[in-house]
Amino acid sequence: MALFRARIASSSLLSNVIHRSFSISPFEALASKMKPSKELESMMSQFSLDISSQIGSCMPLGMMRIGTLIHNIEIRPGQGGKLVRSAGTSAKILTEPSASTKYCEVKLPSGVKKLIDVKCRATIGQVSNPEHGTKKLRKAGHARWLGRRPTVRGVAMNPVDHPHGGGEGRSKSSGSHGRVSLTPWGKPTKSGYKTGPLKRKK
């Protein structure tokens with residue numbers, strides 16, 4: 001009789017242990033014992049509330065911090081993103097935007113520093129696919145897949161088609177002095193000829 005009672009007690013003890021082990025996983029038991037520190041809680045709350053530090057957030061330049069990397073920048077408020085949109089590019093905020101200042105200085109990927117209205121919106125972070133410019137095309141057909149058509153040199157054309165056309169051999173003119181490089185419409189392309197605006201717009 002005593003042996004029977006001992007067997008019943010051991011079986012009930014084993015069933016209780018199995019039930020507890022399956023009802024509460026080791027990870028839940030460990031998580032229940034661990035309590036996050038106050039520093040970790042404050043850090044997590046600050047990260048969740050501070051949207052100006054999250055990549056992908058879109059907001060006016062006046063709400064961003066100095067040194068933030070941005071892309072898809074508006075030129076005029078509400079116009080939509082116009083600057084820094086190609087693959088792997090990003091701009092940097094150089095001056096701290098504030099309520100008193102109307103413009104924010106931004107350094108573009110070309111190195112140009114531009115003053116932009118603080119009401120203009122931009123996206124935080126860098127555009128993806130930075131290896132876009134380093135990819136090599138495997139064959140000529142790959143360029144055609146991308147919509148790039150062949151380019152014919154001006155010296156290979158006739159004089160009626162291009163200013164560089166005609167002449168004997170590979171010469172840009174029939175004379176011995178040569179000629180300045182021109183576009184198909186006769187405008188100079190080298191020798192310091194300025195084609196852009198005389199004064200850069202800010």
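The questions and answers below follow the strand pairing in this predicted model.

Me: Which residues of strand S6 point to the face where the side chains are buried?

Reply: Strand S6 covers residues 103-107, and along this strand the side chains alternate between two faces. Tyr 103, Glu 105 and Lys 107 point to one face and are not buried, a term that here requires under 20% relative accessible area. The residues that point to the other face, and are buried, are Cys 104 and Val 106.

Me: How many bridges join S6 to strand S7?

Reply: Strand S7 spans residues 113-117 and runs antiparallel to S6, with Glu 105 standing opposite Leu 115 in S7. The two strands form a hairpin with five residues between them, and Gly 111 in that turn has a positive phi of about 95°. The number of bridges that join S6 to S7 is five.

Me: Which residue of S6 does Lys 92 stand opposite?

Reply: S6 is also joined by two bridges to strand S5, residues 91-93, and these strands run antiparallel. Within S6, one of the side chains that are not buried belongs to the residue in question. Lys 92 stands opposite Lys 107.

Me: What is the bridge partner of Ile 70 in S8?

Reply: Strand S8, residues 121-124, pairs with strand S1, residues 58-60, in the antiparallel sense over three bridges, and there Met 59 stands opposite Ala 122. S8 is joined as well to strand S2, residues 69-71, by two bridges, and these strands also run antiparallel. In S8, the bridge partner of Ile 70 is Ile 124.

Note on methods:
Residues are numbered from 1 along each chain as its sequence is written. This is a predicted model: local features need pLDDT of at least 70, side-chain atom pairs count only at pLDDT 80 or more; totals for chains, interfaces and linings use all residues. Side-chain values use heavy atoms; hydrogens and water are left out. Buried means under 20% relative accessible area, exposed over 50%, partly exposed in between (1.4 Å probe, protein chains only). Helices (H or I, at least four residues) and strands (E, at least two) are DSSP runs, numbered from the N terminus. Two strands pair if DSSP finds at least two bridges between them.
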